[in-house]
Amino acid sequence: GNSSSENKTKIYTMYGESVSEALRLLTTKSGNVPLFAHNRVVVVNENLKEKSLNDITDFFVRNYDSRVSQLMCVAKDKTAEEIIRAQLFQDTVKSEILENLLEESYLQSIVPRVRIIDVVNSLQNPLTVLCIPAVTVIKNENNEDYKLVGCALYNQKGKVVSYLDTEQTKGIAFLNDTVKNGFLTVSISQGEKATFLINKSKTRYNIKTVNGNLVYKINVKISCDIDEISDVSNFSTDEKILDEMKNAVRTSVSERIYGALNVLQKQNEGDCVSFCKILELKNNKLYNQVKDDWDSVFSAIQTEIVVDVTIRRVGEETLKK
């Protein structure tokens, strides 16, 4: 409409034996045939009971009017209906808010971007588990807000096996080499805090065998700018302070990566970082030897993390001084 028009949304609920049946029955309430090409996000319950993710995604893949680029998220500690019916600000299109939340969080390297096609492809690979952003609803005075609460891990049967918290999910972004932007807040000397804006990051892998065990050397090269320091009066640009900041960034990135790997490997939750695919590309012969026992192989992989940090800018005001 025009600039004076208001966003109006109506929410219809319908139940069926399948996703297709429920969606088709919407016509009995709305009087219109749903236009699935306009769908932005698919929200699923964390506990699907008799259903699995395969059952949910099958309709969206087969239907000619649907787009497999639709985003997907998991409703944590809430039902999917409670997420959709959240009492947000008045006159808002909730699907647009949820879509923007997922997209912007992906661009800030907080959660992965998971589309319908990604779910289908992942569930067809017996060696991997799937990592899907988890969303909940929190009370904010008279309104409710959406909040990201990490990611849910799904096994090949399409069932939730575990959750990663927000910091661990950020580690997944480094492991998957999807970090392009984002931020890091680290502790430096005397209890001070510094926040860095990431402007570039690249993760590379080298694989070797030591005493019959796989060793993945993970090389992260990251460039960032200083965005804020808690006590600027003690800040200087000498090499000693900058080296201390670089070490703090290295520690932060390494901890996030190790935190994610600890859940995936030590707790045997599975490979959602495509270590199997990396091995297949780099050493296909070795991959063929171990792929039939990948779960146990993955949990025993040793990792070495090397983080190369460049501080590109310290801030214009600091440089003028």
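Begin with the whole protein chain shown as a surface: about 17,700 Å² is exposed, and carbon and sulfur atoms supply 46% of that area. Please keep in mind throughout that this is a predicted model.

Next, switch to the C-alpha trace and turn it along its principal axes, where the protein chain spans about 70 × 60 × 30 Å. A cartoon view of the protein chain then displays twelve helices and nine strands. Colouring by burial adds a further layer, for 43% of the 321 residues are buried. Contacts may be displayed as well: of those between residues at least 6 apart in sequence, 67% join residues at least 24 apart.

Now select the charged side chains of the protein chain. There are 41 positive and 43 negative ones, and the centres of the two sets lie 4 Å apart.

The tour continues with the strands. Select residues 193–210, which form strand 7, together with residues 213–229, which form strand 8. How do strand 7 and strand 8 run, parallel or antiparallel? They run antiparallel, and 16 bridges join them. To inspect one pairing, select Lys202 and its bridge partner Lys221 in strand 8. Then move to the turn of the hairpin that strand 7 and strand 8 form: two residues lie between the strands, and Asn211 in this turn has a positive phi of about 55°.

Finally, keep strand 8 in view and add residues 302–313, which make up strand 9. Eleven bridges join strand 8 to strand 9, and this pair runs parallel. Which residue is the bridge partner of Ile218 in strand 9? Select Ile305, which holds that place.

Note on methods: Residues numbered from 1 in each chain as written. Predicted model: local features only at pLDDT ≥ 70, side-chain atom pairs only at ≥ 80, totals over all residues. Heavy atoms only, no water. Helix = DSSP H or I, 4+ residues; strand = E, 2+ residues; numbered from the N terminus. Buried < 20%, exposed > 50% of the residue type's maximum accessible area, 1.4 Å probe, protein only. Contact = heavy atoms within 4.5 Å. Areas by Shrake-Rupley, 256 points an atom, 1.4 Å probe, with all protein chains shown as cover. Lys, Arg positive; Asp, Glu negative; His and termini not counted. Charge placed at Lys NZ, Arg CZ, Asp CG, Glu CD. Pairing = 2+ DSSP bridges.
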